[in-house]
Amino acid sequence: MEIIKHDELLRQYGINQIIRKGTQITFDEGNQIRAKLRYIGRLLQSVRRDTGYHYGSEEFLQPKFFDAFKRAAIAIGEENIHLSGSMGTYVKKLCLLNISQSIKTGNVARSENSKQFLELFNAEWGDTVTASALRLQQKSRLNKTFHLPTERDMKTFTDFLEQQIASEQEYTRLQKLIMTALICFNARRPSEVTHLTLADYRLSFHNTEDREEIMRRLSPEEQVISKRWGFHILWAHSLT
């Protein structure tokens, strides 16, 4: 994109992203950097059309153009929902980089403009652009079609998972495998597993009354599954 080639601040942003990735950049990492630059370039194009000015990004990062950035980000988010939540991160990083570059060059006016732009960003972006992005994402999820796995696929997966748990010797991977098993078993409330502390997990092995009560409330199918995983969970507990 021509707008990136001729924009000093965008080029510096790209260089910083390369340095961040290290000396050995994979093909996918290179694509990620190029994608970010294209998104920012697209945002800058929208701001140019909105304002009628053909400035570079460093000149646009001042208070009087802040509303143009908001309008451009919301419009892009409506066209591409995957970008709606990312624009704020790119704008903020670009603004911080502009402040950094202006301090290095001693450009006080440029630095002050970007700092004021950043103050507006912190005060308004979340309640306007980010809120609009969240509404779009929620609406998209409501209209999304969920394809549930077949019983055969689930059996294949659980059999494979059980085999992996039984043969795994590396402790960290064993933890992840058992966590996967717990989440699959507790699929109706998957977030509960993520909030399970190690202390509560260990304490649960001494609360036989609670376990018996839970077992009574399970369906016959769930009781079979819980007994299937019980041996592996107890084994993992003995390793902690």
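Rings of Phe, Tyr and Trp (its six-membered ring) count as a pair if their centres lie within 6.5 Å, with planes under 30 degrees apart called stacked, over 60 edge-to-face and the rest tilted. By that yardstick, a search of the whole structure turns up 10 aromatic pairs. In the pair of Phe66 and Phe117, the ring centres sit 5.3 Å apart and the planes are at 80°, so this one is edge-to-face. It ties together distant parts of the chain, with Phe66 in helix 5 (residues 66–79) and Phe117 in helix 8 (residues 108–142), 51 residues apart; helices here are DSSP runs (H or I, at least four residues), numbered from the N terminus.

The model is a predicted one, where local features need pLDDT of at least 70 and side-chain atom pairs count only at pLDDT 80 or more, while totals for chains, interfaces and linings use all residues. Residues are numbered from 1 along each chain as its sequence is written, and side-chain values use heavy atoms, leaving out hydrogens and water.

Phe66 is buried, at a relative accessible area of 1%, and Phe117 is buried too, at 0%; buried means under 20% relative accessible area (1.4 Å probe, protein chains only), exposed over 50%, and partly exposed in between. The rings of Phe121 and Trp125, with centres 5.0 Å apart and planes at 25°, make a stacked pair. Both residues lie in helix 8, four residues apart, or about one turn of the helix. Phe121 and Trp125 are buried as well. Together, Phe66, Phe69, Phe117, Phe121 and Trp125 form one aromatic cluster.

Note on methods: Helices (H or I, at least four residues) and strands (E, at least two) are DSSP runs, numbered from the N terminus.
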